[in-house]
Amino acid sequence: MKNLLFLCGLGFILAGLTGCETVTDGLSGSLTNVPPQVRQFDADQKRVFFAAQLALKQMDFVLTRTAQAQGLVEGRSNLRDTAVFGAARQFSARIRIRGFEGESTEVSILLHEQSEADFKGGATNRALRDHGLYESFFEHLTKILQEPTTQP
């Protein structure tokens with residue numbers, strides 16, 4: 001009797017471990033913690049906040065949320081067709097802006113890619129660890145911050 005209980009308990013443990021592994025693999029890493037890309041800029045927080053909005057707009061993103069007090073800028077790209085018929089993808093950006101004493105500001109951005117295709121039967125949403133849009137955003141932001149500003 002003890003052996004039967006032991007074997008049943010061991011079976012449940014093995015089934016649970018195997019199930020967790022396949023669920024994690026099936027989610028394509030959507031549960032993994034992807035850190036944002038971070039850069040420092042020698043400019044005040046308010047200027048960087050408005051420059052980040054302009055940088056996203058120059059990249060053809062639509063602003064979906066801005067909150068200056070929280071240092072938050074969010075946006076999404078237009079739907080982009082892929083090579084597969086009926087498939088589309090879209091990018092969303094979440095930017096955090098944090099000012100420090102003096103004229104230094106930290107900017108962090110995390111990109112997500114949403115994709116959907118007819119043959120998959122569903123949509124995916126995954127955080128991007130590496131993508132060219134990160135560099136593109138920081139290049140636009142740097143260029144905007146280097147432009148002279150007009151004082152009222």
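A salt bridge here is a side-chain nitrogen of Lys or Arg within 4 Å of a carboxyl oxygen of Asp or Glu. Hi everyone, with that in hand, let's look at the charged pairs.

A word on the source. This is a predicted model, where local features need pLDDT of at least 70 and side-chain atom pairs count only at pLDDT 80 or more, while totals for chains, interfaces and linings use all residues. Residues are numbered from 1 along each chain as its sequence is written, and side-chain values use heavy atoms, with hydrogens and water left out.

The structure has 6 salt bridges. Let's start with E74, which is buried at 15% relative accessible area (buried is under 20%, exposed over 50%, partly exposed in between, with a 1.4 Å probe and protein chains only). R65 bridges to E74, with the closest N and O atoms 3.9 Å apart. R94 also bridges to E74, and there the closest N and O atoms are 2.2 Å apart. That second pair connects distant parts of the chain: R94 sits in strand 5 (residues 88–99) and E74 in strand 3 (residues 72–77), 20 residues apart. Strands are DSSP runs of E, at least two residues, numbered from the N terminus. So R65, E74 and R94 form a network of salt bridges. Both arginines are partly exposed, R65 at 41% and R94 at 36%.Now for another pair on strand 5. R89 forms a salt bridge with E113, the closest N and O atoms being 3.0 Å apart. R89 lies in strand 5 and E113 in strand 6 (residues 105–117), so this bridge ties together parts 24 residues apart in sequence. E113 is buried, at 7%, whereas R89 is partly exposed, at 31%.

Methods:
Helix = DSSP H or I, 4+ residues; strand = E, 2+ residues; numbered from the N terminus.
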